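Me: Please take a close look at how the two helices pack in this model. Then follow that packing into the nonpolar interior.

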Amino acid sequence: MVRHKHRFLIVQVWSRKAQSTWTDKVIFQALQQSLKSVFGDFGTGSAAAALSVKCFDFNSGLCVVRVGIRSVREVWASLSLLNKIGDEPVACRVLRSAGSARTCKPAAVKLLGKALSRRDGMSEEETGAVLDEFTSSFAAFEG
């Protein structure tokens, strides 16, 4: 039996206003639409088998996407070309690529901490709560 290998992409999603209504599912659907517009049905079908959005934090705009190793470049390009989620214009940037959830977690938590420290008006307790929630969402899919 062959083990399917994956990569984890840490993505920063920027928009003009924070969208608390965005969920993992909304980001996933926008990514699928971007894949379809860039690579067509074949590209969407080949990438969709192992594609999933593991977690999204709307406070910082950080998102973790799991993708099959054979379609990393296509998904990366689609993320870079993603310009709209729902009706809101966005810009996406892949910050880090990791080979496992174990190696992705420390980098994502570090990037989340940096992003939250730049925000105005968040107390240390709120920042800690967001970091704890993000860390617990990793525990759900890590293993």
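Reply:

**The helix pair and the core**

In this predicted model, helix H1 (residues 24–48) and helix H2 (residues 72–81) have axes that come within 8 Å and cross at roughly 165 degrees. An angle over 145 degrees counts as roughly antiparallel, so H1 is roughly antiparallel to H2. Their crossing is right-handed.

Now the residues. H1 makes the contact with Leu31, Ser34, Leu35, Val38, Phe39 and Ala47. H2 answers with Glu74, Val75, Ala77, Ser78, Leu79 and Leu81. By class, the contact of H1 with H2 has nine nonpolar residues, two polar ones and one charged one.

Next, the interior. The largest nonpolar core has 23 residues. Those that touch the most other members are Leu9, Val11, Val13, Val65, Val75 and Ile85. At least two residues of this core come from each of these elements: strand S1 (6–15), H1, strand S2 (52–57), strand S3 (62–68), H2 and strand S5 (88–98). H1 gives the largest share, five residues.

Val75 ties the two views together. This residue is part of the H1–H2 contact, and Val75 is also among the core residues that touch the most other members. Leave aside its neighbours within four places in sequence, and Val75 is in contact with Leu9, Leu31, Leu35, Ala47, Leu51, Val65 and Val67. Of these partners, Leu31, Leu35 and Ala47 are listed on the H1 side of the helix contact. Leu9 and Val65 are listed with Val75 among the core residues that touch the most other members.

There is also a second, separate core of 14 residues. Its members include Leu62, Cys104, Leu112 and Leu116.

Definitions and conventions. Residues are numbered from 1 along each chain as its sequence is written. This is a predicted model: local features need pLDDT of at least 70, side-chain atom pairs count only at pLDDT 80 or more; totals for chains, interfaces and linings use all residues. Side-chain values use heavy atoms; hydrogens and water are left out. Axes are lines fitted to C-alpha atoms, for helices over the stretch in contact, and angles run from 0 to 180 degrees between N-to-C directions. Helices (H or I, at least four residues) and strands (E, at least two) are DSSP runs, numbered from the N terminus. Angles under 35 degrees count as roughly parallel, over 145 as roughly antiparallel, 65 to 115 as roughly perpendicular and the rest as oblique. A crossing is left-handed if the near helix is turned anticlockwise from the far one by less than a right angle, and right-handed if clockwise. Contact means heavy atoms within 4.5 Å. Ala, Val, Leu, Ile, Met, Phe, Trp, Tyr, Cys and Pro count as nonpolar, Asp, Glu, Lys and Arg as charged, and the others, Gly among them, as polar. A nonpolar core is a set of buried Ala, Val, Leu, Ile, Met, Phe, Trp, Tyr and Cys residues joined through side-chain atoms within 4.5 Å. Buried means under 20% relative accessible area, exposed over 50%, partly exposed in between (1.4 Å probe, protein chains only).
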